[in-house]
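User: I should like to learn how to read the features of a protein model in an orderly way. Could we work through one example together, feature by feature?

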Amino acid sequence: MCGISALILADQSAAACPDLHESLGLLQHRGQDAAGIVTSGPKGRLFQCKGNGMVRDVFNETQLSGLIGSLGIGHVRYPTAGSSSITEAQPFYVNSPYGIVFAHNGNLTNADELRVFLDKIAHRHINTDSDSELLLNVLANNLQKTGKFRVNQEDIFTAIKDLYRQIRGGYACVAMIAGYGIVGFRDPHGIRPLVIGRRKTVAGYDYMLASESVVLDSLGFTDVEDVKPGEAIIITQDSLLRRVLAVSDRIAPCIFEYVYFARQDSIMDGISVYKARLSMGEALADQVTKSMGNEMDIDVVIPVPDTSRVAAIQLRKNVRRKLNAMALEFSGKNVLLVDDSIVRGTTSKEIIQMAREAGAKKVYFASCAPAIRYPNVYGIDMPTRTELVAHGRDDQQVAEEIGADKVIYQDLHDLVESVRKFNPAIEKFDTSVFDKYYVTGDVDEEYMASLEQGGRSGDSRGRLSIDSDCVGLYNSFNR
Ligand SMILES: O=P(O)(O)OC[C@H]1O[C@H](OP(=O)(O)OP(=O)(O)O)[C@H](O)[C@@H]1O
Ligand SMILES: NC(=O)CC[C@H](N)C(=O)O
Ligand SMILES: [Mg+2]
């Protein structure tokens, strides 16, 4: 997963960087492999700082003070395509046309096709395996076709409208055109989230786009709204224009944002993540009661710790260390462990073993999400089918695999309703990891098999990471 943000300040003499930097800290849970900020300063000059690691590792005071300019964009990355090489840290930049920088949350499912198109037809050099670099180059190519000396809003809308026809997958994007303004757009199915807000200042309104509303709330922005599926927004010093450029009858925001990914203090597509999680818990309680029936013998319910993900990276040297503090609760009891999800089964297996070592009599495991049996192809870094503990296994077999006496999964319909009841206007969610229904319609057996082989360009699995301390191009001496 990734987090993105974009900011344009009303006061052109002020610096966008401090707020962008803070926005990335607030989005850190969405990506911990790399972070980057690009700002646009006087004469449209672009200033960049990006690298591998957490936000606090990538930026220091000196670097931040060098990021001058009143507009900019930022990114935190958890790769789903390409590798974790620093060369794929975002934002990406192309100089032609106009000087564009770009940041993307999501994952494209037709990356192979785009790569060929950009090479053979558009004659654009792609230097990495990142699908986001492809996306940027499709946008740049579309803008180039206008042949204009200076860009205008209509041209940008046309370029994005064309892009909607060319690319497939999940994507929320922000871009900045040097010295001109910021742009945001969201895929026609609304799979990945993006919000916009404004902040009144003496100089006028500042505008910010971000993956999650928590960023805008924390930075004092108000009138926070979701960018609509298929909508593009262009903000310059003088204007804000927004337009829905692609309409889909299959709106399907990613349900996993509510289950696990988003911060609980965010509101996404009009739904409080916190309230959705409470409601999932209620539905799961019913499911547990139903599934235990007359054999209900649970003495204690224990949540698997959900450490703040920002801090967790420090604590997460291994699963056991993370879970250690809970062992005392288990002795002599029938325990129900509750987690948001079971993916590979690593966490559940480990904590169940710990519970048994600590003297638990019976250990049941309940998951707020249904069984995850299929990969995510829209921007959440999940393993391939064969690595998923529930793939090809029924509930009983999963229980055996993770060492539980019983596994109780949330029912998919209940999960959807737990979220949907807060915004019934959303008829569907992307639930592909549970039911194999991929809303873009292009994810077939061949695609899945290629994910497993790690052979598809644009897929991170099975690929070597080419590390380099040179941002933008590979450093030869490190290879
Ligand atoms: O079956 P697995 O492959 O172990 O994956 C599932 C676990 O991964 C996540 O936790 P994680 O430890 O990543 O982060 P958290 O502290 O935010 O819960 C999730 O909350 C589950 O606990
Ligand atoms: N998780 C994401 O949103 C990743 C964005 C993009 N596919 C990358 O790998 O950089
Ligand atoms: Mg967890």
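**Reading strands, a site and backbone geometry**

Analyst: Nine bridges join β6 to strand β7 (residues 169-177), and the two strands run antiparallel. Please keep in mind throughout that this is a predicted model.

User: How is the register of such a pair read, and which residue stands opposite asparagine 105?

Analyst: One looks for the residues that face each other across the two strands. Here, asparagine 105 stands opposite alanine 172 in β7. Strand β6 also has a second partner to examine: three bridges join β5 (residues 92-94) to β6, again in the antiparallel sense. In that pair, phenylalanine 92 stands opposite phenylalanine 102 in β6.

User: What is to be noted in the hairpin of β5 and β6?

Analyst: Five residues lie between the strands of this hairpin, and tyrosine 98 takes a positive phi near 70 degrees. The loop between β5 and β6 also holds proline 97, which is joined to serine 96 by a cis peptide bond with omega of about -5 degrees.

User: Where else is a cis peptide bond found, and what is its omega?

Analyst: Another cis peptide bond joins glutamine 90 and proline 91, with omega of about 5 degrees. Proline 91 is placed in the loop between β4 (71-77) and β5. As background, most peptide bonds are trans.

User: How does one judge the surroundings of a strand, and how many residues of β6 are buried?

Analyst: Burial is judged by counting neighbours: a residue is buried if 20 or more other C-beta atoms lie within 10 Å of its own. Nine of the nine residues of β6 are buried, so this strand is largely enclosed by the rest of the structure. Both faces are covered: one side presents Ile100, Phe102, His104, Gly106 and Leu108, and the other presents Val101, Ala103, Asn105 and Asn107.

User: Which element gives the most to the shell around ligand 2?

Analyst: To read a ligand shell, one lists the residues around the ligand and then assigns them to elements. Ligand 2 is surrounded by 18 residues, and the closest are Cys2, Pro79, Ala81, Asn105 and Gly379. Strand β6 gives the most to this shell, with four residues. Both β6 (100-108) and α5 (131-144) supply at least two residues each. By class, the shell has five nonpolar, nine polar and four charged residues. Asn105 thus appears twice in our reading: among the closest residues to ligand 2, and opposite alanine 172 in β7.

User: How is an open sheet described, and what is the strand order in the sheet of four strands?

Analyst: One gives the order, the sense of pairing, the edges and the twist. The order is β16-β17-β18-β19, with parallel pairing. The edge strands are β16 (300-303) and β19 (406-409), each of which pairs on one side only. From one strand to the next, the twist averages 20 degrees. In detail, β18 (residues 363-367) and β19 pair over four bridges in the parallel sense, and serine 367 stands opposite tyrosine 409 in β19.

User: Which helices should be considered with this sheet?

Analyst: Helix α9 (residues 273-292) lies across β17 (335-339), β18 and β19, running at about 140 degrees to β19. Helix α13 (residues 395-402) packs on the sheet and touches β18 and β19; its direction makes about 125 degrees with that of β19.

User: Which residues does UniProt list for "binding site"?

Analyst: The unreviewed UniProt entry lists Thr307, Asp339 and Asp340. A record of this kind can then be set beside the model. Aspartate 339 is in strand β17, whereas aspartate 340 lies in the loop between β17 and α12 (346-357).

User: Why do aspartate 339 and aspartate 340 count as buried?

Analyst: Aspartate 339 is buried because 20 other C-beta atoms lie within 10 Å. Aspartate 340 is buried because it has 21 such atoms within 10 Å. Aspartate 339 also touches Val304, Thr347, Ser348 and Ser367, not counting residues up to four places away in sequence.

User: Finally, what is the phi of aspartate 269, and is the residue buried or exposed?

Analyst: Most residues other than glycine have a negative phi. Aspartate 269 has a positive phi of about 50 degrees although it is not a glycine. It sits in the loop between β14 (267-268) and β15 (271-272) and is buried, with 21 other C-beta atoms within 10 Å. Lysine 436 also has a positive phi, near 65 degrees. Lysine 436 is found in the loop between α15 (432-435) and α16 (445-453), and it counts as partly exposed, with 13 C-beta neighbours inside 10 Å.

Definitions and conventions: Residues numbered from 1 in each chain as written. Chains lettered and ligands numbered in written order. Predicted model: local features only at pLDDT ≥ 70, side-chain atom pairs only at ≥ 80, totals over all residues. Pairing = 2+ DSSP bridges. Axes fitted to C-alpha atoms, helices over the stretch in contact; angles between N-to-C directions. Contact = placed C-beta atoms within 7 Å. Near = placed C-beta within 6 Å. Nonpolar A, V, L, I, M, F, W, Y, C, P; charged D, E, K, R; others polar. UniProt positions renumbered as here; feature names shortened; annotations may be inferred. Buried ≥ 20, exposed ≤ 12 C-beta atoms within 10 Å, placed from the backbone.
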